Amino acid sequence: MKISKLPLPSQDKRWKIIDARMRKYGYQSDALIEVLHVVQESFGYLDETSMKFTAAALHLPLSKVYGVATFYSFFNLKPQGEHTCVICTGTACYIKGAPLILEAVQKAAGGVKVGNTTPDGKVSVVTARCFGSCGLAPAIVLDGEVKAKADPAETAEIIKTWMTK
Amino acid sequence: MTREELEKLAETEHESQKAFPHSIHVCVAAGCVSSQSDKVRAAFDKEVAERGLKEKCKVRGVGCMGLCMAGPLVAVDGNTTMYQQVTVPDVGEVLDQLGKTPVKRLVCDSTTPFFARQKRIVLENSGLIDSEKIEEYIAALGYKALMEALTSMRPEEVIKEVTISGLRGRGGGGYPTGLKWSTVAKAHNGKQKYVICNADEGDPGAFMDRSVLESDPHRVIEGMAIAGYAVGAPKGYIYVRAEYPLAVKRLQTAIRQAERHGLLGNNILGTPFNFSIDIRLGAGAFVCGEETALIASVEGKRGQPRPRPPFPAEVGLWGGPTLINNVETFSSIAPIIRNGGAWYAGIGTAESKGTKVFALAGRVQNTGLIEVPMGISLREIIFDIGGGIPDGKKFKAVQTGGPSGGCIPEQFLDMPVDYESLAKVGSIMGSGGMIVMDETSCMVDVAKYFMEFCMTESCGKCVPCRVGTVQMHGLLEKITNGTANNSDLAMLEDLCDMVRNTSLCGLGMTAPNPVLSTLRYFKDEYIAHINDKCCPAGVCKIGKENLSHA
């Protein structure tokens, strides 16, 4: 097994977690997606530093890492807001009114576009393809907690409290 | 672990379960967890301990019981009583009534067609066993099929049983599983073989695989190990969506337990067979459901498909012959080996054997997960099991097969559900998403929704799909905002044909299906948008200043 001789980008402990995971995969280049998942779990998003470090450690060109990071929609290349509201736009949720929820949420968050964060860094509004809660449509995820049978007005209220907190 | 040890473990578990006169099963699959069932379970645990009932009542977190809309579901004393929408304050009352008359206001009638009309094979353990305990799976005949296969069957005999069963790929393609297995078994190119479980359930509106992984992960592992033995592969991967964290966690637990019990690893069950499983996380790309794209993704690359042949069965992961089946297919294997292929072939229709799990959602009374024998009619599914359309609305269409499928109108409701019949009416079986739509849905808008999906999810490798889906979406946009004319409609039809026939992979080839099927059965709605500038369902905002992207 190869041992990383790369210096970690900083003293931040999170790099050690990432390095440990890379070691588990023997610094194999095919572990790229797994490693990017760990980076995103640790830092919330992928930035240039982390992508450069990943590329060097896994012996991959930076272009490959960037290619993978931008191909998959699960990876964020921008920091997320303090709070995140994910609106499911899967078929069942769409049929049951997800567009209305999205509209209400965007309005409450000052017209922020999907996939973006409010300028004050408070709220990110994201859509998801489907998180498999179709039996409880329309579903949204507020800071990691699934809310079933969501209502536009109620959701907007929650966003408003996030904005003012 | 040996046969004796496996049997002993099952027996010990049976004994320990029998020692409890009462049992409480709380559904802890994702659907009910989003309705706070984890808190209900914790409350039961606490209350049972406080009342000193720990020796008398077994509280279990179990897998999906199906009726997600009524969650959290709680079953008492081996499903004799089922409660719905149980909240933490109800816990005391449920315990008070243990062994007495049930709490009336919470009872969920489990004799209704929703439960009675189902036939559970893949979901046989869902709602009955604790998915995080391997002992409970073993006590429910778990790993018995693997034991049978490894100790008393040759690989070709295993494949023969699977062939006899008539099982077909449950991911949507419907390719005969036995044939696929024997192709991989026969393939030799000097490289190691692999087994991959496709758990990248990307279809919006489908949650069958998620439920199986969360409710009964060992069943998938057992199916994969049997497949590994049959085709001669020592290594398996489960490619699962990162959007399903609970499923990933339970799979990890299950793999660890199986390794500890010698059911994965080297010399499984004392035989020379070695098999290990790793999890690979998806990262949100619908195209990765396509075999060759999935393989690229497991290899850590962008998930883009490549031309076939060579098929993965001959040249797959890292160049080795690779068997790819989806979660539900692998989940059907253990019962087939246990009961024989002929038993399985006795269920279903002539061409489509066995059962199929469907995720019933949309404008239907009972939303949730169901497993039904092949050949049941759509009407039975939607109106008997599903309980019909809520709020007195009228049924309009049922969408099967997700973005690759089509919308089926009322005149075909009595048609049997099997691969061929669904294809005949312009839809597909798909992985099992079934979305019911009523008169409040605009079919042009639905077609546009799916086209938007395909457009965004197109990987960009081939031109027909990358450019064609954008153009089709643009045309549908024009139709829905009332700026289209009849030549736009003709062009849309032309494009459907072109994209379907010239795309590289299944995503592009099937992307026109939602448009084609709505054009076939709901052309009047298209005409209304174009000629009368109105949306009959009142969904599309015609007249507003929406500019087309075309």
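Colleague: How many residues does each chain give to the contact between chain B and chain A?

Modeller: In general, the size of an interface is often given as the accessible area lost when the parts come together. Here the count is by residue: chain B contributes 39 residues and chain A contributes 32 residues. Keep in mind that this is a predicted model.

Colleague: Which elements of chain B each supply at least two residues of the side that touches chain A?

Modeller: Helix 2 (30–34), strand 9 (355–362) and strand 13 (433–438) of chain B each do so.

Colleague: How do the residues on that side of chain B divide into nonpolar, polar and charged?

Modeller: On the side of chain B that touches chain A, 16 are nonpolar, 16 are polar and 7 are charged.

Colleague: Now to helix packing. At what angle do helix 11 and helix 12 of chain B pack?

Modeller: Two packed helices are described by the angle between their axes and the distance between the axes. For helix 11 (residues 217–231) and helix 12 (residues 245–260) of chain B, the angle is about 55° and the axes are 9 Å apart. Helix 11 of chain B is therefore oblique to helix 12 of chain B.

Colleague: Is the crossing of helix 11 and helix 12 of chain B left-handed or right-handed?

Modeller: The crossing of these two helices of chain B is right-handed. Helix 11 of chain B makes the contact through B:P217, B:H218 and B:I221, while helix 12 of chain B uses B:R250, B:L251, B:A254, B:I255 and B:A258. By class, the residues of this contact are 6 nonpolar, 1 polar and 1 charged.

Colleague: Next, the backbone. Which peptide bonds should I look at for a cis geometry?

Modeller: Most residues other than glycine have a negative phi, and most peptide bonds are trans. In chain A, the bond from A:A137 to A:P138 is cis, with omega near -5°. A:P138 sits in the loop between strand 3 (123–128) and strand 4 (140–142) of chain A. In chain B, a cis peptide bond joins B:G71 and B:P72, with omega about -5°. B:P72 belongs to the loop between strand 2 (57–62) and strand 3 (74–76) of chain B.

Colleague: And what is the phi of B:D77?

Modeller: B:D77 has a positive phi of about 50°, although it is not a glycine. B:D77 lies in the loop between strand 3 and strand 4 (81–83) of chain B. B:D77 counts as partly exposed because it has 16 C-beta neighbours inside 10 Å.

B:K533 also has a positive phi of about 50° and is not a glycine. B:K533 is found in the segment after helix 23 (523–531) of chain B. With 14 other C-beta atoms within 10 Å, B:K533 is partly exposed.

Colleague: Take one residue in a strand. Where does B:P373 lie, and what does B:P373 touch?

Modeller: B:P373 is in strand 10 (residues 368–373) of chain B. Leaving out residues up to four places away in sequence, B:P373 touches B:K119, B:I347, B:G348 and B:T355. B:P373 has 18 other C-beta atoms within 10 Å, so B:P373 is partly exposed; a buried residue would need 20 or more. The C-alpha atoms of B:P373 and B:T292 are separated by 31 Å, and the two residues are 81 residues apart along the chain.

Colleague: Last, which domains does the assignment give for chain A?

Modeller: The domain assignment gives domain 1 (13–71) and domain 2 (83–164) of chain A. Taken over C-alpha atoms, the centres of these two domains of chain A are separated by 29 Å.

Methods. Residues numbered from 1 in each chain as written. Chains lettered and ligands numbered in written order. Predicted model: local features only at pLDDT ≥ 70, side-chain atom pairs only at ≥ 80, totals over all residues. Axes fitted to C-alpha atoms, helices over the stretch in contact; angles between N-to-C directions. Helix = DSSP H or I, 4+ residues; strand = E, 2+ residues; numbered from the N terminus. Parallel < 35°, antiparallel > 145°, perpendicular 65-115°, else oblique. Left-handed = near helix turned anticlockwise from the far one by under 90°. Contact = placed C-beta atoms within 7 Å. Nonpolar A, V, L, I, M, F, W, Y, C, P; charged D, E, K, R; others polar. Domains from an automatic or database assignment. Buried ≥ 20, exposed ≤ 12 C-beta atoms within 10 Å, placed from the backbone.
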